[in-house]
Structures are given as C-alpha cells and as structure tokens.
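Work through the exercises below with the model open. Try each task before reading its solution.

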Amino acid sequence: MRSGKKRARSEPGSTKQPRSKYSDNPPDFASLASLYPSFKPFVFFSGSRARIDWTDYNATRELTRVLLLHDHGVNWWIPDGQLCPTVPNRSNYIHWINDLLSSGIIQSLGGDGSKVKGFDIGTGANCIYPLLGASLFGWSFVGSDFTVVALEWAEKNVQSNPHFSDLIEIRDSKVPPQCSSVPEVENTEREKTIQEEAEISATVKSDYHDNKSFIEPAVLLGVVKENETFDFCMSNPPFFETFEEAGLNPKTSCGGTPEEMVCNGGEQAFVSRIIKDSAVLRQRFRWYTSMLGKKANLKLLISKLWEVGVTIVKTTEFVQGQTSRWGLAWSFMPIARKIIAPPVVKKSVLSFMLECIKRQYSAVDVLQSVEEFFKSCGASCKLNSSTFSVDIVASNDQCNTISKNDIADVDSVRSHGYEKQSLDGSSLQVPEYNLSFRILVFQQMPGTLLIKGSLQQKDSPLSGLFSRVFGSLEESLKSKFCR
C-alpha cells in the first residue's frame with residue numbers, strides 16, 4: 001500500500017532536445033559523402049535529395065561511423081550483426097539526461113557536481129552512450145554487458161579513443177563486482193585494423209546460445225560495487241519478446257543480436273527489473289532512467305514507480321525524423337525545489353499507438369485510411385506523402401457526425417476568428433465554426449505506429465470536440481489494422 005506522502009508531479013518533457021546538434025539539422029549525406037570516400041558508395045540521389053538505403057546494414061553502420069568521427073571526434077566500429085545505433089536518437093537521450101542533472105529539481109549526491117558519473121545498462125558492442133557522454137560532456141561511465149562479443153568490442157571502442165578512454169570502464173554483468181575484470185585490449189590506432197578484427201568477431205557465438213544453464217545477467221544489483229554511487233543510470237532495453245517480432249520492419253536494418261533485442265516480457269519486464277533494483281539501491285543514484293519504444297508501457301511503469309516510493313517521475317518524448325521514443329526517469333532523492341504545476345488546459349496535441357499491426361499493412365495504408373476516414377464525412381483533406389501527414393478542415397457538423405455526437409459547439413465560438421496557414425505559406429481564412437488540424441503517422445518499430453494529431457489553432461475552444469474526433473479515429477484505425 002502506498003504511503004500518503006505528497007509526491008512530485010510527473011511532467012512530460014519537450015519532444016526536441018534543442019542543445020542536440022541534430023535537433024534542427026539532420027545529417028547532410030551529400031556533404032558527408034564528399035568528405036568520407038568510404039561513405040560515398042552508400043549515397044544516392046532522389047531528385048536533389050541525397051539518401052541512403054536504410055535496409056542496408058553496411059550503409060547504416062558506415063553512417064554511424066562517419067557521424068561519430070565527423071561530429072564528435074570518436075573512432076568507432078562494430079562487427080557484423082551487432083546492434084547499430086542511430087547517433088541523433090542516442091544524442092537526444094544524452095542531452096535529456098544532462099537537462100535532468102542541471103535542473104536542480106532534486107538534491108545532489110554531494111561534492112561540487114563537476115564530476116558526473118553514469119552507468120550504462122547493456123552498453124553493447126557499440127558502447128554508444130559512454131562514448132557520447134565522454135566526448136560531449138566529459139562524463140565518466142561504467143558500461144555493463146555480458147556477452148563475449150559485446151564486452152570485447154565495447155573495450156576496443158573505448159581504447160580506440162585514448163583522449164578519453166580513462167573515463168570509461170567496461171564491466172561484465174555476469175561476474176561479481178569484486179571479481180569483475182575485462183581482458184585488456186591493445187590500443188587500436190588504425191581504423192582498418194578495427195574493421196578487420198570485426199570480421200573475425202562476427203563469427204563468435206554468444207554464451208546465451210552455448211550455455212544451456214544460462215542465468216539472466218544482473219541489471220544493477222550485483223554489478224554496482226559496494227559504496228559506489230552514480231549521478232544516473234541509463235538503458236536502451238530490449239524492446240521485443242521474440243526475435244521474430246524484432247525482424248518485422250522491412251524498411252530498416254540496424255542489426256541486433258537476440259541478447260540486444262529480446263528478453264522475456266520485452267521492455268516492460270526489463271525496465272521493471274531496473275525499478276526493482278532501484279528500490280534497493282535508492283539514493284546510490286541521483287536519477288534512474290530508461291528509454292522506451294512503446295508509449296503504452298509508460299502508464300504501468302509509472303504506477304510501479306509510485307508504489308516503490310520514488311519522490312519524482314519525469315517523462316519526455318524523443319522525436320527524430322519519423323521515429324519517436326520515450327524517456328522515463330525517476331529518483332529517490334529529496335526534492336530540492338518546488339515544482340509548480342502548469343495550469344490545466346485542454347490539449348491541442350493528442351496521440352495514440354497502433355500496436356500489433358497486421359503484416360499486410362504499412363504506414364502508407366494507415367495514412368490513406370486517415371484521409372478516407374475524414375473524407376467520408378465531407379471534410380476537406382490534403383495528404384502529404386513526404387511528411388506522412390494529412391491536413392484536415394472539418395465543420396462542426398462534420399465533426400459531430402464523426403464522433404457520433406449531435407451536440408453543436410458552433411455557438412461557443414461565434415466570437416472567435418482564426419487563420420490557417422496553407423501549405424504554401426499563404427494565410428487562408430478558416431470559418432470560425434470549422435476545426436482545422438493535422439494528423440501525422442510515425443514509424444515506431446516493427447508492427448507499431450504512432451498517430452499524432454495537432455490543432456492548427458492552438459487556443460481553439462473546440463479542443464474538446466477535437467478530442468472526441470481523435471478518439472473516433474483511434475477506434476476506427478485499431479479496428480481495421482490491429483490484430
């Protein structure tokens with residue numbers, strides 16, 4: 001039973017990390033191709049726009065390599081088949097943690113705060129978070145993992161960057177901390193050597209498959225040493241329950257082994273283990289955090305957090321291109337400053353997830369169905385396939401038809417006038433009794449889409465009607481596309 005102690009309000013964060021290099025400046029493939037000959041063969045042009053084939057693992061891996069080198073001065077490589085991270089998305093997570101640390105919402109662990117130490121749960125062969133944290137902010141890290149290939153290649157990537165290699169420790173999560181050791185790896189100075197060795201490591205099978213008596217490795221308890229304290233931990237948990245589910249998206253190829261992609265119960269179960277460990281370690285970490293691939297998991301996980309007695313919960317959404325992820329953070333530290341709750345307002349932005357989508361359907365099918373849904377009641381629609389959006393203008397009567405609600409809201413807006421920006425930037429007068437909004441479709445992960453709706457008139461008193469219309473759309477799409 002939860003105690004009656006007053007708790008801090010969970011506050012959603014921004015969908016953008018303005019301090020991230022990639023917030024408003026996505027990678028320029030053409031420029032990178034001109035600077036890095038090894039990347040050039042993977043770049044092609046569609047009209048005037050440079051692109052890469054996201055289904056080509058070699059292309060996505062080479063993009064990650066040149067971005068880390070060009071933007072962060074980091075030498076990096078991974079063997080075939082290991083999970084290849086996207087740099088902009090990972091950078092967003094790192095910047096959000098920096099925002100949490102500098103917010104002053106909770107008390108510090110002591111000291112002057114100049115030396116920040118993080119713990120990366122399941123760092124992988126790519127070791128992306130410690131490398132970014134060390135290069136961007138000078139943070140020190142412990143990165144944990146348990147497969148031979150992950151431990152070996154994380155260490156190789158650390159030692160390939162001698163300018164900050166002393167900041168990062170790679171720790172085996174299957175070995176008790178007092179006995180923990182990782183074989184030293186010779187400093188690799190030549191990028192070619194790293195790539196040649198990767199071809200050999202790619203053939204090594206992990207303990208996960210070879211050891212029939214395999215015991216699931218520790219998360220935090222048993223890996224964190226006695227009296228060790230950290231400013232934060234972070235995790236990019238296994239999103240999926242089966243490896244078959246992980247391979248459903250034919251539009252991307254980021255690799256990934258079963259150990260990196262799959263665990264019993266998926267990400268919800270994995271993050272629940274972090275919560276369970278945090279309830280024991282409590283103030284040994286200032287912030288506990290994890291990334292999530294499914295927004296639907298937030299509600300249950302947040303309820304678990306309040307049950308174990310956290311003092312604060314923070315959430316955010318990471319949006320990069322057509323991909324959304326969510327960040328969850330919590331702490332047991334005392335609140336250092338009062339959090340002023342924002343005034344309650346009607347939402348002008350709404351969203352829902354389409355999960356377990358039938359295999360024969362794609363994001364394009366969903367987008368076209370959104371357009372058909374609103375056209376069927378006579379609303380004006382404009383579909384933009386390049387941005388995966390539909391702009392809609394619907395009358396009050398049309399909205400009420402959609403939401404099966406005959407209550408007219410026209411009178412409540414007679415004194416209001418609005419203007420809508422057309423796609424070419426010109427200003428079009430929208431009748432005051434019309435609702436103007438945009439629906440966007442985001443690819444999340446295999447079999448999952450995020451549907452987001454936003455009012456074009458942010459202060460519209462018709463936002464309540466917009467909520468009902470959006471709810472009807474959710475019901476329709478889930479009925480048609482979800483298993």
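Three exercises on this predicted model follow.

**Exercise 1. Take stock of the protein chain.**

Start with secondary structure: the chain holds 14 helices and 17 strands. Next, burial: 51% of its 483 residues count as buried. Then take the contacts with a separation of 6 or more: 72% of them join residues 24 or more positions apart. Finish with the surface. About 22,900 Å² is exposed, and carbon and sulfur atoms supply 50% of that area.

**Exercise 2. Describe how helix α3 and helix α4 pack.**

Step one: locate the helices, α3 at residues 87-102 and α4 at residues 128-137. Step two: their axes come within 10 Å and cross at roughly 55°. Step three: classify the angle. It falls outside the roughly parallel, antiparallel and perpendicular ranges, so α3 and α4 are oblique to each other. Step four: the crossing is right-handed. Step five: list the contact residues. α3 brings Arg 90, Ser 91, Tyr 93, Ile 94, His 95 and Asn 98, while α4 brings Ile 128, Tyr 129, Leu 132, Gly 133, Leu 136 and Phe 137. Step six: sort them into seven nonpolar, four polar and one charged.

**Exercise 3. Are Asn 227 and Phe 388 buried or exposed?**

Begin with Asn 227. This non-glycine residue has a positive phi of about 70°. Asn 227 lies in the loop between α7 (207-210) and β7 (230-235). Its relative accessibility is 67%, so Asn 227 counts as exposed.

Now Phe 388. Its phi is also positive, about 50°, although Phe 388 is not a glycine. Phe 388 sits in the loop between β12 (380-384) and β13 (389-395). The cut-off for buried is under 20%. At 18% relative accessibility, Phe 388 is therefore buried.

Notes. Residues are numbered from 1 along each chain as its sequence is written. This is a predicted model: local features need pLDDT of at least 70, side-chain atom pairs count only at pLDDT 80 or more; totals for chains, interfaces and linings use all residues. Side-chain values use heavy atoms; hydrogens and water are left out. Helices (H or I, at least four residues) and strands (E, at least two) are DSSP runs, numbered from the N terminus. Buried means under 20% relative accessible area, exposed over 50%, partly exposed in between (1.4 Å probe, protein chains only). Contact means heavy atoms within 4.5 Å. Accessible areas come from the Shrake-Rupley method with a 1.4 Å probe; for residues, only the protein chains shown count as cover. Axes are lines fitted to C-alpha atoms, for helices over the stretch in contact, and angles run from 0 to 180 degrees between N-to-C directions. Angles under 35 degrees count as roughly parallel, over 145 as roughly antiparallel, 65 to 115 as roughly perpendicular and the rest as oblique. A crossing is left-handed if the near helix is turned anticlockwise from the far one by less than a right angle, and right-handed if clockwise. Ala, Val, Leu, Ile, Met, Phe, Trp, Tyr, Cys and Pro count as nonpolar, Asp, Glu, Lys and Arg as charged, and the others, Gly among them, as polar.
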